[in-house]
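Grab a pencil and work through these exercises at your own pace. Each one has a task, then a solution in steps.

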Amino acid sequence: MPGQCVIGLQWGDEAKGKLVDLLTEGQDLVVRYQGGANAGHTVVIGDAVYKLHHVPSGIINAGVLNLIAPGVVINPPTILKEIEMLAERGIDVTDRMRISQRAHVVMPWHVLEDQIWNEILQGDENIGTTLRGIGPCYRDKVGRSFAIRMGDLGQPNFADRVRQVTQFKIASLAGVSSDPVELDAEKIIAEYSDYARRLLPLVADTTRILLDAVDDNKKILFEGAQGSLLDVDHGTYPFVTSSNSSGVGISAGSGVPASFLTKIIGVCKSYSTRVGGGPYPTELDNEIGQHIRDMGNEYGTTTGRPRRCGWFDAVAVRYTRRLGGVTSIALTMLDVLSELEQIQVCTAYELDGEQIDHFPANLEDLRRIKPVYETYPGWQQDVAGARKLDDLPVNAIAYAQHLERLAGCPIEFISVGPDREQTILLDSTHSLSNALNAKTA
Ligand code: GDP
Ligand code: IMO
Ligand code: MG
């Protein structure tokens, strides 16, 4: 199994960080390949909690090389803070991490542009971004004229480049910003030259490292950020992020050929959440939604915003499972549903009086559809201590089995808490149907 990937099948925060940490042992490399500091990945090992925005979640495990590939956009102060946080906790990234010289840099004007557009787009139009400058940085990457890459930091023409771009940004933003545009080229040059001095020792040609690793049949684990429904091409556009956060982005962002990937693990919660604006068919804007938020501590890892919560949407997950070529599912947060008497799952949508079983491409259709639900009995028993399938109540196993059937893909992991240890591994012997048969015999 040389090439494995962990991707989110919903709107992000599915517990990808936990899965990546869990699967890192035995890997040679762990690779972040898209997104940037908008991601917030949590790894919990006993009392230690690591919140990672930039550094791959494989970093805690010694002996693994962590790469940040060209498809990621880098925020220098954020990554430096994270490197410091890790150093304080005994993890020195010097020999454990490399950043691609091709990766684009999020500059102060990108963050400013993100803020300005967030203020301009109000109500139903507001994307509710993480305000980390992600969209503007990717826009400049594709536009080419004003982009700065990691390899450009510290180059002789860096200062002139910053002066040129700053001038353009001030002129273009002055027309839309209600406040004076505060961008000081000389201050930026001084600040980013210092970042360059500290980060350049970590900058390398990660594409070459990866292609050599592919030739040597090394084991590589790819860590997706965000979730498939936030994919810029295949998600709920324009309420998406600015990268390919579904399975289609792995090869483009990392530089590793798609044929190298043999296993794609799709992570999904036992319910669903979404942060920011955009359509969300199974949203529960009521006391059940609040209960899930409380039980799951559903507040953003990056922004602290309360996450919108709702039932599991099997139509959406079936779509993203197919889109990503997912080979197995990691079902997370099963413990969060433990107190509920009944649990609902969306199995189809109703659109203009007709039942449909596909995820609509049209935003207005997505806004209008009504979810069609199936209702299952809850288990009302704490499952956080379960370590094998047999430890789970019958109704919890049956619920997972319904999701497996509806998603159309085997479940390989069930997570019942944030800790590494709170994970149940499934295989052909320890399958949901075997466990259910044994329990009901
Ligand atoms: P990511 O962005 O996909 O890595 O996920 P986040 O880290 O943003 O959000 C997941 C949150 O749920 C984190 O606080 C995790 O520590 C926590 N978590 C992970 N798995 C479980 C689980 O099975 N049950 C519960 N209750 N929390 C979990
Ligand atoms: P992880 O990797 C959840 C959401 C934002 C917003 C939209 C666009 O932790 O799962 P952006 O700042 O990317 O331009 O915001 O995408 N978003 C996330 N939601 N988890 C994430 O990352 C997210 N990254 C971006 O809330 O709705
Ligand atoms: Mg997150």
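Before starting, a word on naming: helices (H or I, at least four residues) and strands (E, at least two) are DSSP runs, numbered from the N terminus. Keep in mind, too, that this is a predicted model.

**Exercise 1. The loop before helix 1**

Task: find where D13 and A15 sit, and say what sign phi has in each.

Solution:
- Step 1. Look between strand 1 (3–8) and helix 1: the loop there holds D13. A15 is found in that loop between strand 1 and helix 1 as well.
- Step 2. Check the backbone angle of D13: phi is positive, about 60°, although D13 is not a glycine.
- Step 3. Do the same for A15, where phi is near 95°, again a positive value in a residue other than glycine.
- Step 4. Why bother pointing this out? Because most residues other than glycine have a negative phi.

**Exercise 2. A peptide bond to spot**

Task: work out which kind of peptide bond joins Y237 and P238, and where P238 lies.

Solution:
- Step 1. Read omega between Y237 and P238: the value is about 5°, and the bond is cis.
- Step 2. For background, most peptide bonds are trans.
- Step 3. Place P238 on the chain: this proline is in the loop that runs between strand 10 (220–223) and helix 8 (249–254).

**Exercise 3. Around ligand 1**

Task: describe the surroundings of ligand 1, starting with how many residues surround it.

Solution:
- Step 1. Count the shell: 19 residues, with K16, G40, T42, D335 and S415 the closest.
- Step 2. Sort them by class, and you get 6 nonpolar, 7 polar and 6 charged residues.
- Step 3. See which elements chip in: helix 1 (16–24) and strand 3 (41–45) each give at least two residues to the shell.
- Step 4. Go through the polar contacts, for which the cut-off is 3.5 Å. The side chain of T42 has an N or O atom 2.5 Å from an oxygen atom of ligand 1. For the side chain of D13, the distance to an oxygen atom of the ligand is 3.0 Å. With D335, a nitrogen atom of ligand 1 is the partner, 2.8 Å from a side-chain N or O atom.
- Step 5. Ask how covered the ligand is: of the 580 Å² of accessible area that ligand 1 has on its own, the protein covers 91%.

**Exercise 4. The pocket that ligand 1 takes up**

Task: identify the pocket that ligand 1 fills and describe its lining.

Solution:
- Step 1. The space that ligand 1 takes is the second largest pocket.
- Step 2. That second largest pocket has a volume of about 580 Å³. It is lined by 27 residues, and T42, G296, R307, M333 and P418 are the closest to its centre.
- Step 3. Helix 1, strand 3, strand 4 (48–52) and helix 9 (287–296) each bring at least two residues to the lining.
- Step 4. By class, the lining has 9 nonpolar, 10 polar and 8 charged residues.

**Exercise 5. Around ligand 2**

Task: do for ligand 2 what you did for ligand 1, beginning with which residues come nearest.

Solution:
- Step 1. There are 20 residues around ligand 2, and D13, K16, H41, T130 and T241 come nearest.
- Step 2. Their classes are 7 nonpolar, 10 polar and 3 charged.
- Step 3. List contacts to oxygen atoms of the ligand: the side chain of T130 at 2.5 Å, K16 at 2.7 Å and N38 at 2.9 Å.
- Step 4. Finish with the cover: ligand 2 exposes 550 Å² when taken alone, and the protein buries 97% of that.

Note on methods. Residues are numbered from 1 along each chain as its sequence is written. Chains are lettered from A and ligands numbered from 1 in the order in which they are written. This is a predicted model: local features need pLDDT of at least 70, side-chain atom pairs count only at pLDDT 80 or more; totals for chains, interfaces and linings use all residues. Side-chain values use heavy atoms; hydrogens and water are left out. A residue is near a molecule or strand if one of its heavy atoms lies within 4 Å of it. A polar contact is a pair of N or O atoms within 3.5 Å; within protein, one must be able to donate a hydrogen and the other to accept it, and residues adjacent in sequence count only if both atoms are side-chain atoms. Accessible areas come from the Shrake-Rupley method with a 1.4 Å probe; for residues, only the protein chains shown count as cover. On a 1 Å grid over the protein atoms alone, a cavity is a set of points where a 1.4 Å probe fits but cannot get out, and a pocket is an open set with protein on both sides within 12 Å along at least five of seven lines; lining residues have an atom within 4 Å of a point. A molecule sits in a cavity or pocket if more than half of its atoms lie within 2 Å of its grid points. Ala, Val, Leu, Ile, Met, Phe, Trp, Tyr, Cys and Pro count as nonpolar, Asp, Glu, Lys and Arg as charged, and the others, Gly among them, as polar. Grid points are joined across faces, edges and corners, and a volume is the space filled by probe spheres set on the points.
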